[in-house]
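These are my notebook entries from a walk through the chains and the places where they meet. Here is the model I had open while writing them.

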Amino acid sequence: MRSQLLLLLTLVACGVISTLSSGMNPYYYDILVGIGINIILAAGLNLVNGYTGQFSLGHAGFMAVGAYGSSWLTLSYGYVLGSSSIAMSAFYVLALLLGGIGAALVGLIVGIPSLRLRGDYLAIVTLGFNEIIKGIIQNCEALGAQRGLGGMVLHTNFFWTFAFAALTVYVVVSLVNSTYGRGFLAVKDDEIAAEAMGINTTKYKVLAFVLAAFFAGIAGGLYAHFKQFIHPEGFNFIKSVDIVVMVILGGMGSTIGVCLAAVLLTILPELLRYVSRIDALPEWLRHVTENRMILYSLLLIILMLTRPQGLFGVRLPRKK
Amino acid sequence: MSALLDLNQVTVQFGGLKAVSDVSLQIHTGELVGLIGPNGAGKTTVFNLITGVYRPTMGSIRFANKAVSGQRPYKITARGIARTFQNIRLFGSLTVFDNVRAACNLHLRHGISQALLRGPKFSREEADIEGQVMELLEIFGLEKERDNHCRSLPYGDQRRLEIVRALATKPKLLLLDEPAAGMNPTEKAELMKLIRFTQEKFGLAVLLVEHDMKVVMGICQRIVVLDYGKKIAEGPPEEIRCNPKVIAAYLGT
Amino acid sequence: MADKIILFLQQLINGLAQGSIYALIALGYTMVFGVLRFINFAHGDVYMLGAFAGFYIGPRMLHLFGDKPGYGVLVSMLLVTMILCALIGVLIEWLCYRPLRDRPKLTVLITAIGVSLFLENGGQFLFGADPKSFPEILTDSYLSLPESWGRISELGIQLSAAISMLVTVILLFGLRHIVLHTKMGMAMRALSFNPVAASLMGINNSVVIAFTFGLGSALAGAAGILTSIQQPSIDPLMGVNAGLKAFVAAVLGGIGNLPGAALGGILIGVIETMVVGYVSPTYRDAIVFGVLILILLVKPTGLLGASEQEKV
């Protein structure tokens, strides 16, 4: 009861902030919405990678399904409920949800065969499915193929972004803290013991996967109707790594940590861009900051070597 | 009275090795049976066969008159068989309380939608579970540790926690794999009492693998002896103690 | 009819040439998995580094040989690159994987991904992202049998491809000798069966692991050179695609199984070439990927691999 009240309050707060922020500097507004979208992506993936211990490396694929799915819907049928802004917004939310459901279905198709595989194989297979999804979009004329898809109406605003972000966090946290949700953690800790205690490990793995995919789809839809243009290369392996880094930095198994990491890593590329323009710094340093992947990969290595539990995660025990 | 658990000529083969060969054994409700044998005799393998980790190459396993061989472990647990492990397999990142709570999932009446919406049904059941878990923890004297991480418990307590966790699945048959390992004599005596107590309280059948002969002879009504994957003797403790084949298996001829 | 057979055989030959490259890279994956039970994500990028080592050292090497391309240059290039890549492999293991020896598998997996990304993006940063042209260290030509042999003379192969296959065979035999007939090889095999027992028998696990990494990386480096003499266009991301395919090859053959990796490599090379020839070039990567998914679903231990049961 308490948590639902909190959720409601958060939604109201989002509404208030949203109306107040309409005059905000567009650059900062951009970053803010970006943070919200990344929170949805990271908190969702954390359910799979963090709480259930399955290493999925293709999350951007589900984001793509949601992005393209919802975009196609609003572009083709946006007027179906009427042409007033309320009607169009309503349809937009419907499209977002349908995009999420589509992503969840794809998550089901990908998850059922893949989740039988152990750690390293699962990572590669999910990576592969990411590429397959991207490939399908690239070959689909109705979705703009290699040219990308544009012209979506700017429906996404602070309210919708953070309303869904709050919803995502609420779902993940309340689920994991229930008795039902302890099953996810049991699967992560010891699959064999979990099965022996009557927990259907496959069900939990697939469930986490499908839920995370749903939220990624919503995030994709939000993104598409914010940038108003999407391109297949925006949902490639690099994007998946972006999300994974957020989960790892935040600490797998800590939703707060992951949200914090999402904030940090949304701001970081902007900071780097700023640094790369400072004339006073040496040329090579400026070049490095332009390529955030070098720094991200170094971050991954250093994190694993020094603080694998990230910011807020629980340190996994060493093998005996 | 038909057996609760019925293993009939069960064999499991890995490559060329028959880890368990032509083993038949029956356990009835309320019985406390011991399973002993030298190291490598196949005792844990029998557990793994019963609980579905391995599938028998030959023979059949029936529980409560229904076949269980080849089913997934969680389904077998749902039928009413629970176990502990030779090498402790607790849920390492969870607290003592949550380790047991996780095992309550099996009999959960509500599903994911309730877990999210958190209506009255959810709250009631969560309160129920709180009560059940605490009751089990109290029997084993672990209630004060409830919020501690399970890994911070001393070894003996961790072993007992595993038993508590298994009991949370409301089994009819409990398989205990060396529950007394690493305990001192006082703890062992305490454990023997606890096993008998829970058996009576919950009406369980128990199959116990143990190396400590005092424990085995002390509480088991019947003992089955394995050697090299085969059953070499079966009977009450007094018989087994003097059985020349058993002695030879342990001491070597 | 004869036309179809000739076409098929030609594709087969091309596939074998490509497959030998994958085989060399796949061996590295499988060897490291054998001793550490871990998939070195960064392995494909060592192949790329080998090609780039050749790019930078090549002109100097040519110079030593009087600016004349030939077998002398090639062999020296191979040796130098193999040693260099071996050192790189050992360095990566020592810096990034060794400190994580007793950590959960997931930690090392993530580190490996980090190393791979670092090598790729670092490569783009250092070498520039645009493709470079590998120096000509071997004058290429097209080999085929004389016309008097009949229709078979229609089959042909590039000299570079033939040399590549020959070098691969030599290296495979060399590897076989090391694994079967040397103490280090025996240590590698012991380690892959049981690390604890191996160390109890006096084997220095760390040295063996370092050696394994070095050996695998050397083969990957050689593959880098051999690819570059056939296709002179190299870029810092070339290890991604080849590495992934070689990984599929290793899994196909049975991860941890050396002959399996070689077999897998050849099979993937042939399958890939056949798909390009008979189906469509656009499906090339997808089909190889499909093979991976199929194998993992049907027989995850691969063609020659053995089942591994976790002890409960």
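**Entry 1: chain A against chain B.** Before looking up this interface I fixed my term: buried area is the accessible area, taken with a 1.4 Å probe, that two parts lose on being put together, summed over both. I also reminded myself that the model is predicted. With that in hand, I read off about 2800 Å² buried between chain A and chain B, with carbon and sulfur atoms giving 59% of it. On the chain A side, I found that Thr179(A), Arg182(A) and Met197(A) lose the most area to chain B, together 25% of what that side buries. Counting residues in contact, I got 32 from chain A and 34 from chain B.

Next I went after the polar side of this interface. I found three salt bridges between chain A and chain B. I looked up the one that joins Glu195(A) to Arg72(B), where the closest N and O atoms are 2.4 Å apart. The tally of residue pairs in polar contact here came to 19, both partners being at pLDDT 80 or more.

Which elements of chain A give two or more residues to the side that touches chain B? I listed helix 1 (2-20), helix 6 (158-177), helix 7 (179-189), helix 8 (191-196) and helix 9 of chain A. Helix 7 of chain A makes the largest share, with eight residues. Sorted by class, this side of chain A holds 16 nonpolar, eleven polar and five charged residues.

**Entry 2: chain C against chain A.** I then turned to the contact of chain C with chain A. The area buried between them is about 3400 Å², and 78% of that comes from carbon and sulfur atoms. In chain C, I noted Arg103(C), Ile110(C) and Phe125(C) as the residues that lose the most area to chain A, together 18% of what that side buries. The contact takes in 39 residues of chain C and 39 residues of chain A.

How many salt bridges does the rule find across the interface of chain C and chain A? I got zero. For polar contact I counted two residue pairs between chain C and chain A, both at pLDDT 80 or more. Helix 3 (71-97), helix 4 (105-127), helix 9 (238-253) and helix 11 (284-298) of chain C each supply at least two residues of the side that touches chain A. The largest share, 15 residues, is from helix 4 of chain C. By class, I split this side of chain C into 27 nonpolar, six polar and six charged residues.

**Entry 3: the nonpolar cores.** The largest nonpolar core has 252 residues, and Leu137(B) and Tyr97(C) touch the most other members. Helix 9 (residues 201-227) of chain A provides the largest share of this core, 17 residues. I followed Leu137(B) beyond its neighbours within four places in sequence and found contacts with Val96(B), Phe97(B), Val100(B), Leu142(B), Glu143(B), Arg146(B), Leu161(B) and Val164(B). I also logged a second, separate core of 30 residues, which includes Leu7(B), Leu49(B), Leu175(B) and Leu207(B).

**Entry 4: Glu31(B).** I placed Glu31(B) in the loop between strand 2 (17-27) and strand 3 (32-36) of chain B. Is Glu31(B) buried or exposed? With a relative accessible area of 15%, Glu31(B) is buried, because the cut-off for that label is under 20%. Setting aside residues up to four places away in sequence, I saw Glu31(B) touch Gln26(B), Gln199(B), Leu204(B), Ala205(B), Val206(B), Gln221(B) and Arg222(B). A polar atom of the Glu31(B) side chain lies 2.8 Å from the backbone nitrogen of His28(B). I also noted that Glu31(B) and Cys220(B) are 189 residues apart in sequence, with their C-alpha atoms 8.3 Å apart in space.

**Entry 5: two positive phi values.** Ala145(A) is not a glycine, yet its phi is positive, at about 45°. I found Ala145(A) in the loop between helix 5 (119-138) and strand 1 (149-150) of chain A, and it is buried at 4% relative accessible area. Arg37(C) also has a positive phi, near 55°. Arg37(C) sits in the loop between helix 1 (2-36) and helix 2 (43-64) of chain C, and at 25% relative accessibility Arg37(C) counts as partly exposed.

**Entry 6: Ser18(A).** My last stop was Ser18(A) in helix 1 of chain A. Ser18(A) is buried, with a relative accessible area of 13%. Apart from neighbours within four places in sequence, Ser18(A) is in contact with Asn157(A), Phe158(A) and Phe159(A).

Methods: Residues numbered from 1 in each chain as written. Chains lettered and ligands numbered in written order. Predicted model: local features only at pLDDT ≥ 70, side-chain atom pairs only at ≥ 80, totals over all residues. Heavy atoms only, no water. Contact = heavy atoms within 4.5 Å. Salt bridge = Lys/Arg side-chain N within 4 Å of Asp/Glu carboxyl O. Polar contact = N/O pair within 3.5 Å; in protein donor to acceptor, adjacent residues only side chain to side chain. Helix = DSSP H or I, 4+ residues; strand = E, 2+ residues; numbered from the N terminus. Nonpolar A, V, L, I, M, F, W, Y, C, P; charged D, E, K, R; others polar. Core = buried A, V, L, I, M, F, W, Y, C linked by side-chain atoms within 4.5 Å. Buried < 20%, exposed > 50% of the residue type's maximum accessible area, 1.4 Å probe, protein only.
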